[in-house]
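Student: I would like a close look at one part of this model, namely its aromatic ring pairs. Please also cover the surroundings of those rings and a few polar side chains elsewhere in the chain.

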Amino acid sequence: MKQIKYLSIGLSIIGIIIIYSASNVWAKFKFDNEYYFLFRQLIFFFLGLITMEVISKVDYLLYKKHANKILLLGFIGLVLVLIPGVGMVRGGARSWIGIGQFSIQPSEIMKLSLAIFTAKVLSSNNFTKFKDFIGLLLVLFLVFTIIMLQPDFGTGVVIIGGVFLVLIIAGLPIRNMILLGMAGFMGLVALIISAPYRMKRIFAFIDPWSDPLGSGFQIIQSMYALVPGGLFGYGLGGSRQKFYYLPEPQTDFIFAILTEELGLIGVILVLTLYFLLFYYIFILSIKCKDMFAKYLVLGIGTTLFVQFTINIAVVIGLMPVTGVTLPFLSYGGSSLVITLASIGILMNISKDVSR
């Protein structure tokens, strides 16, 4: 299914354009180079394209054979970021490892590693009883716990949400899914209550104007970007909010800048591309005869869908701020390269399906 490839590349190119438009003012102020984020995203884009093409030629069954090793690699990356001097702190979270300005985010690798591991487990068991997937749940719990130590609540929710959707689609017993959902919900509530800054985000979500210069600042500035856009927006490059109002507009809130500049027409176009991508991924999963391939396609697709849904919901004020980026569009090297690598896996699976 070449549509998946072309849609992914198209969204990435749109992302590069919007990243420059959203970031040039901030980049000029901070780095004295308005092209700083543009150049870096272009490098990651071409690196991602190369990675996608290479991986598209690798037999997907190799991932099933080495699923445990790939998962272990993901765990090693998550643990490394917690080591002082190795992990890098950005935005209050120790989620990166690297040298200087070039770094990687191991949690992005874990998203793909866990999708592979989940596909292997689901394709190897009948899951008629709760004990059949207790091992998978323990792995999920461990992954989430380590990510929360960074802490990176948003990424943890994306990973858990993606796997949870796969389990639902896989047809696990409703009773078990309800119990699992209740346990997960109570766990999330406990995590929110235990961290004062998360509680502030909840209160800011309910009433942003209760703290307009603090916890409610981002969502208020996002609303100021969304509302004036109208049908056609201010035009590419015409954003007002990127002038030091909306913090880091090229990352979590890039959709707000897109709406402000391209208006409702631009929003409809971009959302259509996303929904077409999810549609073709779902169709690919239906066509897969091999169960591992089917669940792997679903795992990659649901993770992207959950991340997309959370980001859009936050930007338009339907969820508290979580720090989740928008796939393909937001600035971020690790996210773009790993996401395009995931698309490469889908391309290899699609070749097998079309034979």
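Tutor: What follows takes the aromatic rings and then two threonines. The model is a predicted one.

In total, the structure contains 16 aromatic pairs. One of them is formed by Phe29 and Tyr244, with ring centres 5.5 Å apart and planes at 70 degrees; an angle over 60 degrees counts as edge-to-face, so this pair is edge-to-face. Distant parts of the chain are linked by this pair, since Phe29 belongs to helix H1 while Tyr244 sits in the loop between helix H10 (217-226) and helix H11 (254-287), 215 residues apart. Phe29 is exposed because its relative accessible area, 57%, is over 50%. Tyr244 has 49% relative accessibility and therefore counts as partly exposed.

A second edge-to-face pair joins Phe31 and Phe37, with 5.8 Å from centre to centre and 80 degrees between the planes. The two partners fall into separate classes of accessibility: Phe31 is partly exposed at 28%, whereas Phe37 is buried at 6%.

Helix H1, which spans residues 2-31, has a kink of about 55 degrees centred on Ser23. Just after H1 comes Asp32, with a positive phi of about 55 degrees.

Elsewhere, ring pairs connect Tyr274, Phe275, Phe278, Phe305 and Phe308 into a cluster. A ring also takes part in a contact with a charge: the charged end of Arg240 sits over the ring of Tyr234, 3.7 Å from the ring centre.

Now the two threonines. Thr302 is located in helix H12 (residues 291-315). With 7% relative accessibility, which is under 20%, Thr302 counts as buried. The side chain of Thr302 reaches the backbone oxygen of Gly162 at 3.0 Å, and a polar atom of that side chain lies 3.2 Å from the backbone oxygen of Gly299. Apart from neighbours within four places in sequence, Thr302 is in contact with Gly162, Leu165, Val166 and Ile169.

Thr155 lies in helix H7 (residues 153-169). Thr155 likewise counts as buried, at 8% relative accessibility. Its side chain makes a polar contact of 2.7 Å with the side chain of Asp152. Not counting residues up to four places away in sequence, Thr155 touches Gln105, Ser107, Lys111, Ile147 and Val324.

Key. Residues numbered from 1 in each chain as written. Heavy atoms only, no water. Bend = angle between axes of the 7 residues up to and from the residue. Helix = DSSP H or I, 4+ residues; strand = E, 2+ residues; numbered from the N terminus. Buried < 20%, exposed > 50% of the residue type's maximum accessible area, 1.4 Å probe, protein only. Polar contact = N/O pair within 3.5 Å; in protein donor to acceptor, adjacent residues only side chain to side chain. Contact = heavy atoms within 4.5 Å. Phe/Tyr/Trp six-rings, centres within 6.5 Å; stacked < 30°, edge-to-face > 60°. Lys NZ or Arg CZ within 6 Å of the ring centre and 35° of its normal.
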